[in-house]
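User: Hello! I am new to this structure and would like a close look at a single part of it, the largest cavity. Could you walk me through what lines that space and then show me how it sits beside the other features of the chain?

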Amino acid sequence: MAQPASRPRQNAKTRPNQPSIRRLLVGDALRSWVLPTAAIVVLLVAMLLDTLELVPDPAAAAIGALALLVMTAALAVAPLLTEDVDARVRPATVALLALAWVVVLAYPFTARLFPGAALGRVVLDPAAAGSTLVPADAGSRADVVVDLHLPMASDRRDRTVHYDVDMVDGAGDHSRIDGELGDSWRTRSMGRRGSVPSHLEHLSASHVVEAGTGGLRLGGATLVGEPGATAAATAYPYRLPAMAVLYGLAIVLCAGALALDRWWDPRERPTVTIATTGAAAAALVFAGSGAGHPGMRDLIGVALVGAVVGFTLGSALAWLAGAVLPSGDGARRRAA
């Protein structure tokens with residue numbers, strides 16, 4: 001009598017495939033879309049809270065800057081974190097490099113958004129001549145922010161005030177800052193037939209001045225323009241290096257990103273170069289801007305500038321490097 005065929009016994013070692021597939025899916029999501037998506041959500045939430053005035057403008061802008069940098073870094077290093085990369089490219093090393101990249105490029109934003117405790121404040125009035133703006137031994141440089149206060153107006157008209165401030169250091173040398181502040185009204189189109197008035201204000205400006213070791217005193221100040229307008233100057237410690245140093249650091253970062261893209265694969269899109277060039281351009285524009293109290297609006301503006309500069313200049317640098325430098329075998333570094 002024929003024996004019934006026994007059913008093959010399933011190997012117990014083949015059953016844990018489902019968890020390993022799940023881990024692969026989770027790992028792929030973490031390497032590709034999770035961080036950029038989370039950064040975009042954080043940015044949108046920060047913009048909403050800033051619009052509703054539930055969070056101070058500098059804090060919202062700092063959160064937005066960090067979210068933009070994390071999103072950019074995650075998109076830039078994503079090709080280095082795929083499953084089939086060379087074993088020499090360790091994910092932990094890539095993550096540490098990306099973290100250092102974010103910290104370095106975030107510093108110009110935080111330094112401008114959070115200037116620290118004020119060194120001194122004087123009202124820009126001839127009667128305040130001789131008042132101390134920057135005390136002695138407070139630092140060789142200071143960030144002097146001029147704030148304008150306009151009287152209430154019953155009509156919608158443009159108002160402009162020109163300020164001229166003379167400062168004297170401990171050695172008796174004079175330095176001068178000047179500019180124009182005010183507000184204006186514009187009409188924006190709403191739909192095909194409607195329009196709405198838009199109020200634009202530019203009521204503060206920042207000036208980097210040399211303070212020396214003897215500090216700065218107000219030598220004199222004049223305001224010309226809108227009657228009844230008043231202004232005050234507040235000095236903060238300047239926490240950034242000179243702009244020449246910042247530009248040099250940006251060049252070093254971009255050169256390192258270009259070298260990494262060339263080493264990884266000269267034929268692929270230079271994502272690290274584009275990201276680094278764009279982020280460095282945005283940080284330089286933000287650090288050198290004359291906004292007295294930068295915030296979310298300034299951040300969005302420099303982010304757009306960085307996106308354009310990063311794609312244009314980063315692609316051009318990669319193309320130039322490809323035309324000048326030998327590309328080698330051009331094979332992408334993958335595990336055998």
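Analyst: Happy to. One definition helps before we look at the lining: Ala, Val, Leu, Ile, Met, Phe, Trp, Tyr, Cys and Pro count as nonpolar, Asp, Glu, Lys and Arg as charged, and the others, Gly among them, as polar. Please keep in mind that this is a predicted model.

Now to the cavity. The structure holds one cavity of 30 Å³ or more, and the volume of the largest cavity is about 70 Å³. Its lining is made up of A111, R112, P115, D143, P237, Y238, R239 and L240. Sorted by class, five of the lining residues are nonpolar and three are charged, while no polar residue takes part.

One of the lining residues, A111, leads us to another feature, for helix 4 covers residues 91-113 and also carries F109. The structure has one aromatic pair. In this pair, the ring centres of F109 and F286 are 5.0 Å apart and the planes meet at 40°, so the pair counts as tilted. F286 belongs to helix 6 (residues 271-288), so the pair ties together parts that are 177 residues apart in sequence. Both F109 and F286 are buried.

Finally, the wider setting. The chain has seven helices and nine strands, and 36% of its 336 residues count as buried. Among contacts with a separation of 6 or more, 74% come from residues 24 or more positions apart. The chain's accessible surface is about 19,900 Å², with 62% of that belonging to carbon and sulfur atoms.

Definitions and conventions. Residues numbered from 1 in each chain as written. Predicted model: local features only at pLDDT ≥ 70, side-chain atom pairs only at ≥ 80, totals over all residues. Heavy atoms only, no water. Helix = DSSP H or I, 4+ residues; strand = E, 2+ residues; numbered from the N terminus. Buried < 20%, exposed > 50% of the residue type's maximum accessible area, 1.4 Å probe, protein only. Contact = heavy atoms within 4.5 Å. Areas by Shrake-Rupley, 256 points an atom, 1.4 Å probe, with all protein chains shown as cover. 1 Å grid on protein atoms, 1.4 Å probe; cavity = no way out; pocket = protein on both sides within 12 Å on 5 of 7 lines; lining within 4 Å. Points joined across faces, edges and corners; volume = space filled by probe spheres on them. Phe/Tyr/Trp six-rings, centres within 6.5 Å; stacked < 30°, edge-to-face > 60°.
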